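Please look over the model shown here. The report below takes up strand pairing in one chain, then the overall make-up of another.

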Amino acid sequence: MAFDIDSSAIFPIGAATRTTPQIAARKSYDVVIVGGGVSGSILADQLSQAGHSAVIVEAGPGKDVQLDEYEAYLSRFYAASVKDNQAPYPFNPNARMPRSADAMPVTPQTPDDQYYIVQDGPFCTDTTFTRVLGGTTMHWEGKALRMLPEDFDTASRFGHGRDWPLGYDDIEPYYRQAEQELGVSADVEDQRYLGMTFPPGYVYPMRKMPLSYLDQVVARGVDGMRVDLDGDRYDLRIRSFPQARNGVPNPDYDGGKGYQPIGAISTYQVEEGKRCQGNNNCVPICPVQAKYHAGKTLAKALRTGKVDIVTQAVASRVHVDKESGRISGIEYKRYQDPSSPEHTTHTVHGRVYVLAANAIENARLMLASGLPSTSDLVGRNLMDHAYLLRWALLPEIAGTFRGTNCTGGITELRGGRFRERQAGFAVDIHNDGWGWATGSPYSDLLAIVDGQRKHGRDLRAALVSQLSRQLLLAFMIEVAPEPANRVTVDRRYRDPLGNLKPVISFRVPEYSLAGASFGFDLAGQIFTRLGAEDHTTYDPRDYSYVEYAGRGYSIRGGNHLAGTHVMGKTRHDSVTDPAQRSWDHENLFLVGGGSMPTIGTSNITLTLAALAYRSASFIDTQLRTEKAPAVISAR
Amino acid sequence: MENRLDQFVRLSALLTGFAPLHLLGTGMAETYLRATDAALPDGVLDELLDAGSLPSAGSAPPTGSAVPGAPAQPGGSALAGGADPDAAAGQAIFGDAKLGPVARALILLWYRGAWTALPQEWRSAYGASPRDVDHVVSAEAYQAGLQWDAAGAHPAGARQQGYGAWASPPAALETESAPGTTGVRLPRQAGAPSVTEGARS
């Protein structure tokens, strides 16, 4: 067939604009969801498939996502001078996004708190999240690692962090559901390490992504490298990462039924995206939508006809009934024009309410609404992976700047007894060279043209030598929860709509810095084995510069935000129960990374997607119970 | 007589190390000529073009294409021969206080698809155009950036090499290891605009 549209995948035309705030205000929904990202989309999909009605309140724009908005994101990226991880997404002061260049201290004495996140220090994080329909999955890289079994009880096991009220085996079935929805490419044989188990016969939806040539060059130095640590022996090897990106479908998937990848959901590029093309642009946007983004799940949800969306609607207050503690409505501010603070205020009502706006925004909204919290843990235990970068020039051309952003790395040191003393980490080999650390390739070009005054063939020779040999190792280091690392609000800091902005107090725990220090030395050993020339420097003037044990490091944020409404076993030591239901408000669910008591060494999206699937079944049950005809017993 | 676009492409070839055909193949030559004119005070680009047309600058052999496998260049074209530049001519331009910074901005334009504002001292000495500000010329210009081709790669987000191509050795490796080759000769990247599609002159 020349033009085969899998219509179930296309974002339904007009679906994002068919509801007005006035219409939405008159309805009573089964579920009100704040945030159209991955958690909100999964819940909208699951609950609408089960027959429930839902409305999504989304802060960002989303009026044309089915047609040209994705293309507009791409064009904006191409034409942007600064290609950071928010470059494709329009500047919108009413739903402002943090950007990595925004990391600077803000105090009440600072003349203007010009950025969205108010940094209360002592560490300034350059973490970001994306406030458009689809949320941060629009810009995420797509790594889809499961957490290790030992990550769920690190407090008991290692004396660091918090224990989950759930274990690996409780979440495993939901991991499989998330791997199906996100479309994960990996081989089980590669992922069966450090205790991770899979049911007999399970295969991932698609085969693993091939390791890049750069990975293969690094593997020549790393494979077989032995590390002895606290009585455990590790034989390192370069391993392919599971990725939520379309690869070659595994015919053995689902008992031999195979897997149908979902590509682009916008009509203009409908035939693209069913397989990754190696654009090396996963972050900030996949040009062909081969990478999963939440719009794919949202499209399915919208096709049920039971889901409404109100976009350009920034949730500003959660209303609570003081008697029952139940939530009675979500108030939001609707703006017509992103460049104007003019807005109208509306409220939506439902039986069950879900905050799915990410760990910082969920906490910000709860705190700005003044909701009571028995545990006093709302906003506390903020976590994000700490990234340590170390970079070098390989002695040979390695073909850097090709492939997906990252195909392989080292994962053995994610777990083990050493975690009693120092954090675990996963190591990424960056196919996009030194870009994250130095601004390559532009910084290199400038140095060669303006600095070394090269032109013509000398310039070309210098550039290929400088770029194609780049190796950047990124250590994604575990950060354990600490109550003092937190999100708060402060009435002095408001956005243009008058909403309170998030204030972040954060320091990188010593436990993580001990891991960083070990990683720094390990990278040095790897460079030596490869004959690579170290080019790492950290600038002490960097706001994200920290000192530990006599050395200084720049620590980058991973945008893996978690912990601000941790789940637990009792209302006194956690914000939600294991279903992500608020202990204090029985019809309120707080979903996403915020519920995670620890983040281990896994990029959080796969786990929070699994948790969303798990919560969907509890919400469905709760709705059915509440909808059931009341039985009035005659006395 | 050589027209201004030909002159511009020949100078660009000398500065960038890419053959005129490759530059024309990007489809950006006319756009960049306009962008450069707009970013400079009147007459400055003509001075640079004249400097690039001096006998020493045109002495490079016409076989110096940096694009092996590209179709033969049109016989007798004034465009032939710029890709193996006489280093002396280039150095003369680079060493010139007025033309050097402009030549470097022109290289950056071709390599990035973006104009880079000239140094403030230069603007004070020779005049400033309102368009002399850092800017990406267009979405297409970013995708046509030569820095990626020079590195044996492709622009992040465009002209990708296809599923799994990243697992194979880069093209740059094949050419570099070939005995007897001088300089860096890169085969045309898959997906690059062809000359017939992209040429605009």
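Strand E11 (residues 386-393) of chain A runs antiparallel to E19(A), and three bridges join the two. Within this pairing, Leu388(A) faces Ile555(A) of E19(A). The model is a predicted one.

E19(A) has another partner. Strand E18 (residues 545-548) of chain A is joined to E19(A) by four bridges, again in antiparallel fashion. Here Tyr545(A) stands opposite Ser554(A) of E19(A). E18(A) and E19(A) form a hairpin with two residues between the strands. In that hairpin, Ala549(A) adopts a positive phi near 50°.

The two pairings are set out below.

| Partner of E19(A) | Bridges | Direction | Opposed residues |
|---|---|---|---|
| E11(A), residues 386-393 | three bridges | antiparallel | Leu388(A) and Ile555(A) |
| E18(A), residues 545-548 | four bridges | antiparallel | Tyr545(A) and Ser554(A) |

How is E19(A) placed, enclosed or not enclosed by the rest of the structure? Strand E19 spans residues 551-557 of chain A, and six of its seven residues are buried, so the rest of the structure largely encloses it.

Now chain B. Its secondary structure consists of 11 helices and two strands. Along the sequence the order is α-α-α-α-α-α-β-α-β-α-α-α-α. Chain B has 201 residues, of which 54% count as buried. Its exposed area is about 8,000 Å², with 55% supplied by carbon and sulfur atoms. Among contacts in chain B with a separation of 6 or more, 66% link residues 24 or more positions apart.

Conventions. Residues are numbered from 1 along each chain as its sequence is written. Chains are lettered from A and ligands numbered from 1 in the order in which they are written. This is a predicted model: local features need pLDDT of at least 70, side-chain atom pairs count only at pLDDT 80 or more; totals for chains, interfaces and linings use all residues. Side-chain values use heavy atoms; hydrogens and water are left out. Buried means under 20% relative accessible area, exposed over 50%, partly exposed in between (1.4 Å probe, protein chains only). Contact means heavy atoms within 4.5 Å. Accessible areas come from the Shrake-Rupley method with a 1.4 Å probe; for residues, only the protein chains shown count as cover. Two strands pair if DSSP finds at least two bridges between them.
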